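Open the structure in your viewer and keep the sequence panel visible. This tour goes from one selection to the next and says what to look for at each stop.

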Amino acid sequence: MFTDIPSYIPWALTALALSLVFAQGLMLGRQNRQLKATLKERCDILGRELHATASGSMGVGQRLVACERQLHELRSTMDEMRQNDPLRISYDEASRLVDLGADIDDLMNTCGISRPEAELVSALKKRQAA
């Protein structure tokens, strides 16, 4: 029964199978290289995007710190201006004098404010008392 098969057929089938395995290996190697190249390209793109995002975040952070510093300086300056404002002192003194019973002429003479200002301070204090 096996005598009818020529002796070169098993060798030919073996060679054919090895050729197919070799061809498949070549195709898988090429596919592997393409996947590696695609993966490297995507990693490079993600790296650039991450760098851009990080740089943008750092810039925003630096601007935020600068704004906070400027806000703090402005608050300090405003507090100093409030404390050193000669008009505020006059109005505080006028308000205290109204509490003590001073009239509008006394406010004008003592605090150096105009009649409308003295009338306004007096009216405000009387309204607060009511």
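**Stop 1: Asp 44 and Lys 40**

Select Asp 44 and Lys 40. They form a salt bridge, and their closest N and O atoms are 3.2 Å apart. This is a predicted model. Both residues sit in helix H1, which covers residues 8-84. They are four residues apart there, so about one helical turn separates them. Now show the surface. Asp 44 is partly exposed, at 35% relative accessible area. Lys 40 is exposed, at 53%.

Keep Lys 40 selected and add Pro 6. The two are 34 residues apart along the chain. Draw a distance between their C-alpha atoms: the separation is 52 Å.

**Stop 2: Asp 99 and Lys 125**

How many salt bridges does the structure hold? There are four. For another of them, select Asp 99 and Lys 125, whose closest N and O atoms are 3.6 Å apart. Asp 99 lies in helix H2 (residues 86-99) and Lys 125 in helix H4 (residues 115-129), so this pair ties together parts that are 26 residues apart in sequence.

Is Lys 125 buried or exposed? Lys 125 is buried, with a relative accessible area of 19%. The cut-off for buried is under 20%. Its partner Asp 99 is exposed, at 54%.

Next, show what surrounds Lys 125. Leaving out residues up to four places away in sequence, Lys 125 touches Ser 95, Val 98 and Asp 99. Asp 99 is thus both a contact and the salt-bridge partner. Remember Val 98; the tour comes back to this residue.

**Stop 3: Arg 115 and Asp 105**

Move to Arg 115 and Asp 105. This is a salt bridge too, with the closest N and O atoms 2.8 Å apart. Arg 115 is in helix H4 and Asp 105 in helix H3, residues 104-111. The two are ten residues apart, and the pair links distant parts of the chain. Color by accessibility. Arg 115 is partly exposed, at 38%. Asp 105 is also partly exposed, at 37%.

**Stop 4: the nonpolar core**

Which residues make up the largest nonpolar core? Select these nine: Ala 94, Leu 97, Val 98, Ala 102, Leu 107, Cys 111, Ile 113, Ala 118 and Val 121. Helices H2, H3 and H4 each give two or more residues to this core. H2 supplies the largest share, three residues. In soluble globular proteins, nonpolar side chains tend to be buried together.

Center on Val 98, one of the core residues. Apart from its neighbours within four places in sequence, Val 98 is in contact with Leu 107, Val 121, Ser 122 and Lys 125. Leu 107 and Val 121 belong to the core as well. Lys 125 is the buried lysine from Stop 2.

**Stop 5: Ser 122**

Step across to Ser 122, in helix H4. Ser 122 is buried, at 8% relative accessibility. What does Ser 122 touch, not counting residues up to four places away in sequence? Its contacts are Val 98, Ile 104 and Leu 107.

**Stop 6: Ala 123**

Go one residue further along helix H4, to Ala 123. Ala 123 is partly exposed, with 42% relative accessibility. Add Arg 63 and draw the C-alpha to C-alpha distance. The pair is 60 residues apart in sequence and 47 Å apart in space.

**Stop 7: the cysteines**

How many disulfides does a search of the whole structure find? Zero. Select Cys 43 and Cys 67 in turn. Cys 43 is partly exposed, at 46% relative accessible area. Cys 67 is partly exposed as well, at 48%. Cys 111, by contrast, is part of the nonpolar core from Stop 4.

**Stop 8: the surface patch**

Finish with a nonpolar patch on the surface. Select Ile 5, Tyr 8, Ile 9, Leu 13, Leu 16 and Leu 20. Together these residues have about 620 Å² of accessible area. One of them, Leu 16, lies in helix H1. Helix H1 is also home to Lys 40, from the start of the tour.

Notes. Residues are numbered from 1 along each chain as its sequence is written. This is a predicted model: local features need pLDDT of at least 70, side-chain atom pairs count only at pLDDT 80 or more; totals for chains, interfaces and linings use all residues. Side-chain values use heavy atoms; hydrogens and water are left out. A salt bridge is a side-chain nitrogen of Lys or Arg within 4 Å of a carboxyl oxygen of Asp or Glu. Buried means under 20% relative accessible area, exposed over 50%, partly exposed in between (1.4 Å probe, protein chains only). Contact means heavy atoms within 4.5 Å. Patches are made of residues with over 30% relative accessible area and no salt bridge: like charges are joined within 9 Å, nonpolar side chains (Val, Leu, Ile, Met, Phe, Trp, Tyr) within 5 Å. Accessible areas come from the Shrake-Rupley method with a 1.4 Å probe; for residues, only the protein chains shown count as cover. A nonpolar core is a set of buried Ala, Val, Leu, Ile, Met, Phe, Trp, Tyr and Cys residues joined through side-chain atoms within 4.5 Å. A disulfide is a pair of cysteine sulfur atoms within 2.5 Å.
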